Amino acid sequence: MNGEQLAAALMRHGLDEAEGARKRVLADLVLEHFSSLIGGEPAVALWIPGRIEVFGKHTDYGGGHSLIAPVPRGFLFVARGRDDRMVTMADAARGERFGIELARSPAGSMSESSPAGWRRYAATTVHRLDRNFPGAVRGVDIVFASDLPPASGMSSSSALMVGLATVLVQLGSIESTREWQASISGPVDAAGYYACIENGMSFSALTGDAGVGTHGGSEDHVALTCGRAGHVSAWRFAPIQHVADAAIPPDWMFVIASSGVAARKTGAAKDAYNRLSFLVRTLLDLWNTSEPPQPSLYAALAATPTAVDRLTVLVSARSASDPAPLDLGNRLTHFRNEDARIDDAVRAFRSADRDRIGALSDASQSDAELLLQNQVTETVALARAARTLGAFGASSFGAGFGGSVWALVRRDDVERFTACWEESYANRFPAHVDRATFFVTSAGPAAMTL
């Protein structure tokens, strides 16, 4: 196993030559670190990408639709089993290490003294798997590295969790356990379960816990594990259902700009992120206390032609002041508007309709700014500058409160556009130059064993 072999495997599954060269460097780093730190050869190597959310801002946990695709940047993991109950992780790029003792797996939620940052996501994953599959999780040594900008809205945290969980599942033969086979029947179910590790919800008979403290859905995990190279994919959530794929037109290219403003899900940012989910849950609770109960906001809105009017009346009539009726009304309007864009966007990709993509992305960005109110000055400026500089579509994506913006441009204009977009951003926000990242991409391969 060497870096050239791992990169070649990714290129056979749709990674382009430029990104293949990057992955050779990344794989060599990981393998050299494993050799010096652990010794010998790893038993397994995995690729886990990040993702673009083209449309579908904050719709998945409400049972709505998203249009998503894997990006050709992400995580490489290599691992080998141990003879004890320790899970060790080493970030080859940052030189950081972390160990988790399975025998000390907590019975409930993580405490305030629990690990922070990526270590918290790792510990949550290990302990949840250990509880759901007693005795199956074995000790492992893991080395990983990523070329995905951290906290950029491209699902780096979810990718870390999916990669770690996949390593533990493979090396512990967890897929052969009675518990796994009773609840998980394929990659889509696995993606749903990995999302529940993160948000703490139960999945089928696999009991939940507190998760990492964010109340998100399964969009990220589906994009990472079920996406298609060269395509955007439409999915519906809660439950997860594949709707459609559309090839990205050959003369279209995505340019991704990571603003350098961290889209973190901790502290005050976590509270703001969770409030958007809380508003959706409040709307569903209002419906379910007055109408035949439904499993999601999307299902409630589809239950009857008058559902929107009925829910609007329920919002106006509620006695509680928090959340405010205006906030609930804005959240309802945003959910309906954004969810409705998915089918239209699939048709636009299939027909290579640049004008329609432009109209949809402009409306999506505007709704994020005015209704979700999850944008920062930098992402607003990036989206507007992209359109001014010639992109035929552009929008922020991810959780918001920082993060990234995608732009769609003609292949023959991509070099000029990218240089101008990067220069424009550097001139307006010089303090972010060292942290911002701009790269050209199509959709890359989904998660795979190499």
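**Cis prolines, a pocket and two nonpolar cores in a predicted model**

Pro239 sits in the loop that runs between strand 6 (231-236) and strand 7 (241-247). In this predicted model, the peptide bond joining Ala238 and Pro239 is cis, with an omega of about 5°. A cis bond also leads from Asp322 to Pro323, where omega is near 0°. Pro323 belongs to the loop between helix 10 (307-317) and helix 11 (325-350).

Ala238 turns up again when the pockets are examined. The second largest pocket has a volume of about 590 Å³. It is lined by 28 residues, and those closest to its centre are Tyr61, Asn199, Met201, Gly216 and Ala238. Two elements, helix 6 (187-199) and helix 8 (267-290), each give two or more residues to this lining, and helix 6 gives the most, with 6 residues. Sorted by class, the lining holds 14 nonpolar, 11 polar and 3 charged residues.

Turning to the interior, nonpolar side chains tend to be buried together in soluble globular proteins. Here the largest nonpolar core has 74 residues, and Leu67, Val87, Tyr193, Phe349 and Trp406 have the most contacts inside it. Helix 4 (residues 156-171) gives the most to this core, with 10 residues. A second, separate core has 20 residues, among them Ala381, Ala385, Val409 and Phe429. Back in the largest core, Tyr193 offers a helpful place to look at packing: leaving aside residues up to four places away in sequence, Tyr193 touches Arg128, Leu129, Asn132, Phe133, Trp180, Ile184, Phe203 and Leu206.

Two of these neighbours of Tyr193, Phe133 and Trp180, also pair with each other. Across the whole structure, 18 aromatic pairs are found. The pair of Phe133 and Trp180 is tilted, at 5.8 Å centre to centre and with 40° between the planes. Because Phe133 lies in the loop between helix 3 (118-132) and strand 5 (140-146), and Trp180 in helix 5 (residues 178-183), the pair ties together parts that are 47 residues apart in sequence. Both rings belong to buried residues. Elsewhere, ring pairs link Phe75, Phe77, Phe98, Trp118 and Phe144 into a cluster.

Backbone angles add two further points of interest. Ser173, in the loop between helix 4 and helix 5, has a positive phi near 50° although it is a residue other than glycine. Phe401, also not a glycine, has a positive phi of about 60° and lies in the loop between strand 9 (393-397) and strand 10 (404-410). Ser173 is partly exposed, with a relative accessible area of 43%; Phe401 is partly exposed at 21%.

Note on methods
Residues are numbered from 1 along each chain as its sequence is written. This is a predicted model: local features need pLDDT of at least 70, side-chain atom pairs count only at pLDDT 80 or more; totals for chains, interfaces and linings use all residues. Side-chain values use heavy atoms; hydrogens and water are left out. On a 1 Å grid over the protein atoms alone, a cavity is a set of points where a 1.4 Å probe fits but cannot get out, and a pocket is an open set with protein on both sides within 12 Å along at least five of seven lines; lining residues have an atom within 4 Å of a point. Grid points are joined across faces, edges and corners, and a volume is the space filled by probe spheres set on the points. Helices (H or I, at least four residues) and strands (E, at least two) are DSSP runs, numbered from the N terminus. Ala, Val, Leu, Ile, Met, Phe, Trp, Tyr, Cys and Pro count as nonpolar, Asp, Glu, Lys and Arg as charged, and the others, Gly among them, as polar. A nonpolar core is a set of buried Ala, Val, Leu, Ile, Met, Phe, Trp, Tyr and Cys residues joined through side-chain atoms within 4.5 Å. Buried means under 20% relative accessible area, exposed over 50%, partly exposed in between (1.4 Å probe, protein chains only). Contact means heavy atoms within 4.5 Å. Rings of Phe, Tyr and Trp (its six-membered ring) pair if their centres lie within 6.5 Å; planes under 30 degrees apart count as stacked, over 60 as edge-to-face and the rest as tilted.
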